[in-house]
Structure formats: structure tokens, C-alpha cells
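Look at the model shown here and follow its strands one pair at a time. The text after it starts with a single pair of residues and works outward to the sheets and then to the contact between chains.

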Amino acid sequence: MNKLRLIIAREYMSIVGRKSFIIMTLGMPLLFLLIAAVPVGLAYLNDKGSDVQQIAVIDETGRYAAALHSDDMYSFVALKGDTVTNAREFYDKANGSIGAVVIIPRDVDSTGVVNIYSEGTITPSLVSTIRNTLNDTIENAHLAAMGIPNLQEMVEKAHVDIDVRSIKWSEAGEQESSTDAAMGLGFLLSFITYMFVLMYGAMIMNSVIEEKTNRIVEVVVSSCRPFQLMLGKIIGVGLVGLTQMAIWIVLLGIVGTVAGSMFGIGSMSTGTVPPEAMAAAQDSGFMQDVMKQILSINYLPIILNFVLYFIGGYLLYSALFAGLGSAVDQASDASQFTTPVILIMLIAFYAGIACAENPMGPMAVWCSIIPFTSPVVMMVRLPFGVPTWQLVLSIVLLFATALAITWLAARIYRRGILHYGQKASFKDLFKWIK
Amino acid sequence: MPYLDINNVVKRYEGHTALDGVSMQVEQGCIYGLLGPNGAGKSTLIRIINRIIAADAGSVTLNGKEMTDDDIAHIGYLPEERGLYKKMKVGDHIVYLGRLKGMTKADAVASMHWWLDRFDLKEWENKKVENLSKGMQQKVQFIGTVIHRPPLLIFDEPFSGFDPVNAEQLKTEILALRDQGSTILFSTHNMASVEEVCQQITLLNHAKVVLTGSVDEVKQHHKKNIIAVQTADTIEPNPELFTILPPDPAKRQGTLIKLDPGVNVRDAISWLNEHYRLTGFTEVLPSMNEIFIETVKSQKTVENNE
């Protein structure tokens, strides 16, 4: 037991003490921020950075050009009485100062076709600006042409946007259930599990291979059991992962608090917002809904189960990675063994996404019971509520399999770490297990 | 009672037998050479003694008791293929290895300082292993093997990778450990070092013991009745007593004569003394290298004839 503790401590310190760990731990959140910020920044640059484009509009009907208002991207200039051939001349004469020519034909009311001409590319945003504006304008013109008083108001009144709310009967009474938030939470937990297992599984494998390449392993196993060394690695790297997660959660907490106090989101969750205010502020009403949903989820069982599945899944896959890592001499040879494992993980991940659509469907149920996919898939199902028998069956299966895999991996490991030279095949691994 | 008693140990792998009923007795306080060509089973036997792998049959007793996992604290093992954690600091690394063998932290630290001092590595204590030269790393490796002062030391090709100066220092340290009472098991191809330091040897070939005994006994047993004779005049062959062998330019020890079967040394020398101006003579014993090659080769011919 003492030796196991020593091995865990060494493994932990060897990773946490590395510069790359510190860079990674602090860099990851920055990278995520960057990934989130880049599209926003690009969009901003797109809006602000580019010059306003002149768009010539030839309105043969003479009625609709006025509806196209210039904005900070496009400046619409109405030309009168020109035909298409003239438009070409006009465009050429303008010598590039005009981006495109829009022609609203005389029969637009019946055909609903509008043409945009240009030598350059016509951007989707120009197309959608023109389409949306003319859609509304022409539709309104049609309604007006029917000559029925107040028709416009009547149509607007008739327009509905159904808001479907799901309410769950539970012991605590009626409870607005939380489909969106539940789904989001499920994805988050499933993604965390997936990332963690892959990242730290690879870390364990590298650590095993490194010891083998260093040739230190024979010295170490002459002082402890190979199984102790393997288990020490799995636990040590697991603790590294937990440390990293804890740091991220703290960072997230700090960023969240700072951002919350800056934008006043923090105050949203407290106090009730009167209906008028909600109608007035659509956005904050939406936030309020999300908050309500987030608060309505019963977290305790979810967190407990998450921890269980997390440990089980991590143990299962990390043992697998450790066993497979022991069979190769260098990291570059490992792919023949890791590819199937990563494939299974990917299947689990996509199954998780698919199961979110139908968390009680047969695929979701099976994938959340099969031990290799259950740690990822069950996370998606958890917030929706899972029958107890399925949970129990799934957890028992997961841990039984994890222990079995650990046992098998240990048998491969004790042979693998001393196997040098000729590349081992899957056949060899089976021989070693026997 | 031998300190380390290996009795009829068998180890089979898929497709081949690595050890086929190997027995070996190592007395306390001796330096014991475990010899054999590549693939003879030396490393397998050493790993079994270190309890890295388990024997399929047979027993290994240490100090009269069947070995258990706890006994590995009493062994220091320097494998042939060795290495260190490159990113660890020298001092931490040595202490880690010592503690894995069951030392307390304080003992391990004290012992580490003592050994670093002895090997002039004191200023390297807080440097990372990767910053050390190869020779220094080998010394650190050696310290890691002996830090817990084990009564049984197992060295697999200890001199490989050492330059002559460091090899000499290592030899001195090994002899010093023996003098302090450690028993040393020595696996090597380097026959010169066997003759210098080993008292007993066992030669393994094809998973079996083919030769065992003290170095002197083995040499006596393998002697070829060759005498190096120094005379003032040239010796002619005597068909009734001996033949003359071609001279060995490396040794310059006079004329080599091989006695015919059944002729004893005294008769040959007295005959030579009568007929030539004899100035000296020595019996030539085979080197361990010659015995090694001869034994392994003769086994091969036996196998081929079977």
C-alpha cells in the first residue's frame, strides 16, 4: 500500500510539475475563449472593416425601391427608367464603384423574381437583405391591394408562435420540466466524460510507453508488483485530471462571477420579473426561462451518478490504454491498438448525441447499459430521469467490466513491459492474457 | 546452507522453454558469475529471482526460506537494459528507488547523500537526470541499486556502457560491497571480468546448466595438458611425449607443448630438463573465455548429431 502511494505521488508530481501541464491548464480556457471570440471578432471586422458597398437598384415597378434602406453594409441607389443593357453600361462606367445592380422587374408581383447582376461575387448577406425586405414590402402591398380594411392588423393578430412548455408531475407537485437545460447539461457531462477519458487515457499510455522506452520499468518492477505500478499510474493520472478540472472550475467560477457582476446576470436569478417587464425585455425573459429550467433540475442524483460513471468509465478505458501501451516500444506504434478504442469512444459520443433526441428509445437504453458506451451515453439520459433498474444494471455492468478489463490489462501489462523488439500483435496480447 | 538456492526451476513460454530444470547454489558473501550466450535463459532466471516473473516449477529460497514478495526489499537489481526517469532530479530519483525498496524517507535521503558524495556527484543532486553525462547516469543507476544496502545484489552486465576508469571504480565498489557481506550474482558475457572477480560460476546454455563450480575447479577440469616451456635452445617434438603447438604471439610465454594422453607433467619436464637447457615452465590453464566457447560449441555439435 505504501509502495502504491509512492508510485501515485511520483506519477502525479511528474505530470503536475511539468511546464506543459501548467501551460495546458491555463491555456485551455484561453483557447476556448479564443475559439468563442474569433467568430464574433470576425463578424465585427466584417461589419466595421469593409467599406459600404454601393448597390444600384433599377425598379421597373417604381414602387419598391424605396423600401431598400441603406445600412452600414450596403448603400442602395435607385436609378430610374433603365433597362438591362443600360444597366451593364452603367455598371461598366461606374468602374467598380458599384458592387452590384438589382433589377426589380415590372412583373415582380406575379413572378416574384428579382435579379442581381454583378461581375464580382454576390454575397449571401446581400441576397438575404434584398429577399427579406422585398418579401415583407411586396406581401404588405398585396394585402393592401385587397382593399379590406384593417387586414394588415388582422393578419398580424392571426399570426401565432406556439410556446410548448412541458410540465412534469412529480412528488413536489407540478414542475416545469427542463428539456433544453436538461439536454444542455446532459451534453456537457457527456462531453466532459468523453474528453477526460480520451485525454487522460492517452496520458497514461504515454507514461507507460515512456517508462518502457526509458528502460526504467524493469528497475521499478523489481521493487513492486507490475500491477501496483499500473494501478499507481491510473490513480496518479486520474488525480492529475481531477486537479486540472478543479482548477478549471475555479477559473470558470471567477470568470463567471466577474462577468455576472459586469452584465448583471447575477441579479436575474433572484426576484420575480413582472410579465410586462418580461414582454418588454424578450432577451432577459429568455434568460429568466433558462435560469428557471437550470434551477428546476434535481442535481444531487445527477452529480452522484456522474461521479460513479466517471470513475467507472475512466477506470475501464485507462486500464485499456495502460495495457495496450505496454505492448508497444514507442508512441508511434501505438495507433494499431488505440484506433479500435478511440473508435468505440467516438461511437459512444455520437450515440450520446443521437440519444438526446429520444432519451428513452431503444438505442439510448441499450447504449446506456453497454459498459463501453454507458459512461458517455448515460450522461445524456440522466437529466431526463432514468428508471432505477436500468441505472443499477448499467452501473453494476460498468464496474464489473472495468474490473475485468483492469485484470486483463494487468496480465497484458506484466508481459508487455518486458517485451521489446518485435511488434506485438493482437494475437500476442491474447497469448499474454492466457 | 547456500544463501540463495535455486532448485529445479522451470519456465516455459509459448513455443519454447526458457529454463529447463535449472539449479544453482550461491554461498553467502561470494561473487557468483552467471554465464551463458544470448538467449540461454540468464535474464529469465534473474527475473524469477527478482520475482518480476513467476517460475512454472521449482523453488527459489533465500537464506533458507522460500522467497516471498517481501524479500525483494533484500535484493538490489541492476538490469542489463536500464534507464532512469529523465525528468526527475537526481536526488529525488535515488530516494524514490530507495523508498520503493522499503526505506524510510530519512534513511533514503541520508544514504543518497552518502553515495552521491562517494561518487563525486554531490553538486548534481538537484539537477535533472537528463542533464547528466551517460557515465554519470550509470553511476546514479548503480547508487539506485545499492542505496538500501541489500544483502543480495544482482548485476546484469554491470560494466556495459562504462568507460575503463568508471568500470574500475565500479569494480572496486562491488568488491567493497562483497567485503561488507553482500552476496553478489553477476551475469555477464565479459569473461575477463569473470576471472577477475568471480569465485563461482554457472554456465547456462539452451535453458540448462552445462557447467558449474568454482573458477579454479572449472579451469583445472578443462585444462588441456599444455605447458609453456622456456628454454635456451629450440625444442624438437618428441612423438612419445608431446607435440609442439604453434606459438601464441599474444602471450610470449615460450614454446607451447601439448602432452600426449597419459603422459604426466613430471615425466615430460624431467625429459625436457635432460635434453634441453630448461629455464622455466608453467602449466597453461584455459581462460574462461576459451572454456565458455568450447562448452557452448561442443553442445552445438552434440545437438547436431542427435
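In β13 of chain B, B:Lys258 is the residue that stands opposite B:Thr243. The model in which this pair is found is a predicted one. B:Thr243 belongs to a pairing of two strands: β12 (residues 242-245) of chain B and β13(B) are joined by four bridges and run antiparallel. A further pairing involves β13, which spans residues 255-259 of chain B: strand β11 (residues 226-231) of chain B is antiparallel to β13(B), again with four bridges. Here B:Val229 has B:Thr255 of β13(B) as its bridge partner.

Chain B also holds an open sheet of six strands. The strands lie in the order β6-β7-β8-β3-β9-β10, and their pairing is mixed. Which strands stand at the edges of this sheet? They are β6 (75-78) and β10 (208-214) of chain B; each has a single partner strand, so one side of each has no neighbour in the sheet. On average, neighbouring strands of this sheet are turned by 15 degrees against each other, direction ignored. At the β6 edge, β6(B) runs parallel to strand β7 (residues 152-156) of chain B, and four bridges join the two. Within this pair, B:Ile75 is opposite B:Leu152 of β7(B). A helix packs on the sheet as well: α1 (residues 42-49) of chain B touches β3 (31-35), β6, β7, β8 (183-188) and β9 (200-205) of chain B. The direction of this helix makes about 150 degrees with that of β7(B).

Chain A has an open sheet of four strands, in the order β2-β1-β3-β4 and with mixed pairing. At its edges are β2 (74-79) and β4 (115-117) of chain A, each paired with a single strand, so one side of each is left without a neighbour in the sheet. From one strand to the next, the twist averages 25 degrees. Strand β1 (residues 53-59) of chain A is parallel to β2(A), with six bridges between them. One of the residues paired in this way is A:Gln53, whose bridge partner in β2(A) is A:Tyr74. Helix α5 (residues 124-145) of chain A packs on this sheet and touches β1, β2, β3 (98-104) and β4 of chain A. The direction of α5 makes about 60 degrees with that of β2(A).

The last topic is the contact between the two chains. How many residues of each chain take part? In chain A there are 19, in contact with 25 residues of chain B. The size of an interface is often given as the accessible area lost when the parts come together. Between chain A and chain B the buried area is about 2,400 Å², and carbon and sulfur atoms give 58% of this. On the side of chain A, the residues that lose the most area to chain B are A:Leu6, A:Arg10 and A:Glu218, which together make up 25% of what that side buries.

Polar groups also meet across this interface. Eight residue pairs are in polar contact, with both residues at pLDDT 80 or more. Three elements of chain A each give two or more residues to the side that touches chain B: α1 (2-16), α7 (179-214) and α8 (217-221). By class, that side of chain A has eight nonpolar, eight charged and three polar residues. The count of salt bridges between chain A and chain B is three. A salt bridge is formed by A:Arg215 and B:Glu81, whose closest N and O atoms are 3.6 Å apart.

Methods
Residues numbered from 1 in each chain as written. Chains lettered and ligands numbered in written order. Predicted model: local features only at pLDDT ≥ 70, side-chain atom pairs only at ≥ 80, totals over all residues. Heavy atoms only, no water. Contact = heavy atoms within 4.5 Å. Buried area = accessible area lost by both parts, 1.4 Å probe. Salt bridge = Lys/Arg side-chain N within 4 Å of Asp/Glu carboxyl O. Polar contact = N/O pair within 3.5 Å; in protein donor to acceptor, adjacent residues only side chain to side chain. Nonpolar A, V, L, I, M, F, W, Y, C, P; charged D, E, K, R; others polar. Pairing = 2+ DSSP bridges. Axes fitted to C-alpha atoms, helices over the stretch in contact; angles between N-to-C directions.
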